[in-house]
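Colleague: I am new to this structure. Please take one part of it and walk me through that part closely.

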Amino acid sequence: MHFNAAAAISVTRRPPVATAAADSASGGAASPPRILIVEDDFLVATELEYQLTQAGFDVVGVATTAEDAIALAKEHEPSLAVMDVRLAGNRDGVDAAIQLFHTLGIRSIFATAHADSETMARAKTASPLGWLQKPYSSAALVQIIKAALSS
């Protein structure tokens with residue numbers, strides 16, 4: 001089932017969910033890394049948000065369009081974005097990632113079914129932190145995010 005952006009609110013902001021992983025990862029003092037999810041499939045976005053929250057990250061929001069991603073990033077200043085290539089609206093995730101990087105210095109991890117050489121070449125100017133080919137495991141996503149944040 002594909003998420004219909006016109007039929008639902010395309011930008012969401014949820015309060016962070018406290019987890020034992022977040023408390024232990026932060027030592028109780030520092031705040032957890034802030035992640036922006038850019039994904040137009042509602043079920044995928046919901047699962048991503050759940051898995052990342054359980055892994056101790058603070059999901060600052062979910063955007064379904066490039067424009068919403070930029071607006072949320074400006075407002076919440078995430079550590080990085082988990083970016084799908086195909087999004088609702090006229091612009092794709094590559095456009096969003098390039099704008100996030102060039103205007104806000106926010107880099108992306110592409111988590112997408114569209115990892116062909118042409119798309120990857122276009123995305124090079126966004127200086128992506130990594131690529132995950134759908135379908136991927138939540139463990140692989142958490143691992144690539146942790147590696148990106150520690151480098």
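Modeller: What follows is a close look at the loop between strand 4 and helix 4, with its surroundings.

First, the setting. This is a predicted model. The protein chain has six helices and six strands. From the N terminus on, they run β-α-β-α-β-α-β-α-β-α-β-α. The chain holds 151 residues, and 43% of them are buried. Take the contacts with a separation of 6 or more: residues 24 or more positions apart account for 67% of them. The accessible surface of the chain is about 7500 Å². Carbon and sulfur atoms hold 56% of that surface.

Now the loop. Strand 4 covers residues 80–83, and helix 4 covers 93–104. Two aspartates in the loop deserve attention: D84 and D92.

Start with D84. Its relative accessibility is 5%, so D84 counts as buried; the cut-off for that word is under 20%. The side chain of D84 has polar partners. One is the side chain of T112, in a polar contact of 3.0 Å. Another is the side chain of K134, and here the polar contact is 3.4 Å. Then look at the wider surroundings of D84, leaving out residues up to four places away in sequence. D84 touches V38, E39 and D40. It also touches G93, A111, T112, A113 and K134. T112 and K134 thus appear again in this list.

Move along the loop to D92. Its relative accessibility is 13%, and therefore D92 is buried too. The side chain of D92 reaches the backbone nitrogen of D95 at 3.0 Å. That side chain also makes a polar contact with the side chain of R122, at 2.8 Å. Set aside the neighbours of D92 within four places in sequence, and the residues in contact with D92 are A66, V85, R86, L87 and R122.

K134 leads on to another feature. What lines the largest pocket? K134 is part of the lining, along with P135, Y136, S137, S138 and L141. V44, E47, L48 and Q51 complete the list. Two elements give two or more residues each: helix 2 (42–54) and helix 6 (138–150). Helix 2 gives the most, with four residues. By type, the lining has five nonpolar, three polar and two charged residues. The space in this pocket is about 150 Å³. So much for the pocket. K134 is the link back to the loop, through its polar contact with the side chain of D84.

One more stop, for a buried residue in a helix. A66 is in contact with D92, and helix 3 spans residues 66–76. A73 lies in that helix. The relative accessible area of A73 is 1%, so A73 is buried. Its contacts, apart from neighbours within four places in sequence, are L36, P78, L100, L104 and I106. L36 shows how the chain folds back on itself in sequence terms: A73 and L36 are 37 residues apart along the chain, yet their C-alpha atoms are separated by 7.2 Å.

To recap the loop: D84 pairs with T112 and K134, while D92 pairs with R122 and the backbone nitrogen of D95.

Key. Residues are numbered from 1 along each chain as its sequence is written. This is a predicted model: local features need pLDDT of at least 70, side-chain atom pairs count only at pLDDT 80 or more; totals for chains, interfaces and linings use all residues. Side-chain values use heavy atoms; hydrogens and water are left out. On a 1 Å grid over the protein atoms alone, a cavity is a set of points where a 1.4 Å probe fits but cannot get out, and a pocket is an open set with protein on both sides within 12 Å along at least five of seven lines; lining residues have an atom within 4 Å of a point. Grid points are joined across faces, edges and corners, and a volume is the space filled by probe spheres set on the points. Ala, Val, Leu, Ile, Met, Phe, Trp, Tyr, Cys and Pro count as nonpolar, Asp, Glu, Lys and Arg as charged, and the others, Gly among them, as polar. Buried means under 20% relative accessible area, exposed over 50%, partly exposed in between (1.4 Å probe, protein chains only). A polar contact is a pair of N or O atoms within 3.5 Å; within protein, one must be able to donate a hydrogen and the other to accept it, and residues adjacent in sequence count only if both atoms are side-chain atoms. Contact means heavy atoms within 4.5 Å. Accessible areas come from the Shrake-Rupley method with a 1.4 Å probe; for residues, only the protein chains shown count as cover.
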